[in-house]
Amino acid sequence: MIWKKIALEEVDSTNIYINKVEETNVVVTADYQTAGRGQGTNTWESEKGKNLLFSLKISPKEILVKRQFLLSMVGALAIKGALDKYTDGITLKWPNDIYWNDKKISGTLIQTTISGKNMQDCIFGVGLNLNQREFTSDAPNPVSLYQIIGREIPRHTMLDEILFQFDHYYDQLIHDGETGIIKAYHEALYRKDGFHEYEDAKGKFEAEIVEVKRNGHIVLRDKEGILRQYELKELKWVL
């Protein structure tokens, strides 16, 4: 894709800003967000000018609404692909967080609009901990790339690498179909092997990941062999 880039010093949220931009294939970056957020009521801690905060907007009209989670897979794989150039241990924590070992390095907030059975616009709002050296919020497990490798990476360099990877995986989805994307996503999943502890409305339990469906639901198998399926926010990962 040919991306139009808009760079801002400060904004409430790059997602809010890009929502007002009529074009697609647009990327908005910001040095600082006054109202950056994650899923639900979560906020995103980011020292001014240190991390990569951006939103990108595409118009994936070829994608059916019932398969929109494929776009989440594409976005997560793009960030992982860029980070893989600098460190090992990068995985994808369902639904779209990026982890290094057991620590969170990136999160994505996705907003969509639909037209009938197909997607119309899709916005990915990304916060990537890039060059921040210390975190002071009560977030349980943040980590930055600087803390991992001990050196700073220019934000524009990382953005260009993510966009390159995004183009690659999106093109693969559109032209080669979903099979390769789904396979790559599952191979990169955090906790993809073995039994781990989770918690749902009934309490804690141990289970293994079976699959993530095209609609975004995750399927686990507990130690009694029972399959459990969850939507977003129905499952808590016990770290």
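## A guided tour, starting at Asn 101

Begin by selecting Asn 101, which lies in the loop between strands β5 and β6 (103–115); helices here are DSSP runs of H or I with at least four residues, strands are DSSP runs of E with at least two, and both are numbered from the N terminus. What you have open is a predicted model, in which local features need pLDDT of at least 70 and side-chain atom pairs count only at pLDDT 80 or more, while totals for chains, interfaces and linings use all residues. Residues are numbered from 1 along each chain as its sequence is written, and side-chain values use heavy atoms, with hydrogens and water left out.

**The turn at Asn 101**

Stay with Asn 101 and look at its backbone, where phi is near 55°, a positive value in a residue other than glycine. Most residues other than glycine have a negative phi, and most peptide bonds are trans. The side of Asn 101 that faces the surroundings can be judged by its relative accessible area of 42%, which makes the residue partly exposed (buried means under 20% relative accessible area, exposed over 50%, and partly exposed in between, with a 1.4 Å probe and protein chains only).

Now add β5 and β6 to the selection: they form a hairpin with 2 residues between them, and Asn 101 is in its turn. The two strands run antiparallel and are joined by 3 bridges (strands pair if DSSP finds at least two bridges between them). To see one of the matched positions, pick Trp 100, which stands opposite Lys 103 in β6.

**Back along the chain to β4**

Next select β4 (residues 90–93) together with β5 (residues 97–100), which pair in the antiparallel sense over 4 bridges. Trp 100 appears again here, as the bridge partner in β5 of Ile 90. If you turn β4 so that you look along it, Ile 90 and Leu 92 point one way and Thr 91 and Lys 93 the other way, and all are buried.

The hairpin that joins β4 to β5 runs through 3 residues, and Pro 95 is found in this loop. Zoom in on the peptide bond from Trp 94 to Pro 95, which is cis, with omega near 5°.

**On to β7**

Which strand does β6 meet through 10 bridges? Select strand β7 (residues 118–128), which runs antiparallel to β6. These two strands also form a hairpin, with 2 residues between them, and Gly 116 in the turn has a positive phi of about 65°. Beside that turn, Ser 115 stands opposite Asn 118 in β7.

**An open sheet**

Move on to an open sheet of 5 strands, whose order is β11-β10-β9-β8-β12, with antiparallel pairing. In this sheet β11 and β12 (236–237) stand at the edges, each with a single partner strand, so one side of each is left without a neighbour in the sheet.

Within the sheet, select β10 (residues 218–222) and β11 (residues 227–230), which run antiparallel and are joined by 4 bridges. Leu 220 stands opposite Arg 228 in β11, while Arg 221 stands opposite Leu 227. The hairpin formed by β10 and β11 has 4 residues between the strands, and Gly 225 in the turn has a positive phi of about 85°.

Before leaving this region, select Arg 191 in the loop between α5 (179–187) and β8 (196–200). Arg 191 has a positive phi of about 65° although it is not a glycine, and with a relative accessible area of 12% this residue is buried.

**A buried residue in β2**

Now select Val 28, which lies in strand β2 (residues 26–33). Is Val 28 buried or exposed? Its relative accessible area is 0%, and Val 28 is therefore buried. Leaving aside neighbours within four places in sequence, Val 28 is in contact (heavy atoms within 4.5 Å) with residues including Ile 6, Leu 8, Ile 18 and Phe 54. Val 28 and Ile 18 are 10 residues apart in sequence and 6.6 Å apart in space, C-alpha to C-alpha.

**The whole chain**

Finally, zoom out to the protein chain, which has 5 helices and 12 strands. Of its 239 residues, 49% count as buried. The C-alpha trace spans about 55 × 45 × 30 Å along its principal axes. Residues 24 or more positions apart account for 58% of the contacts with a separation of 6 or more.
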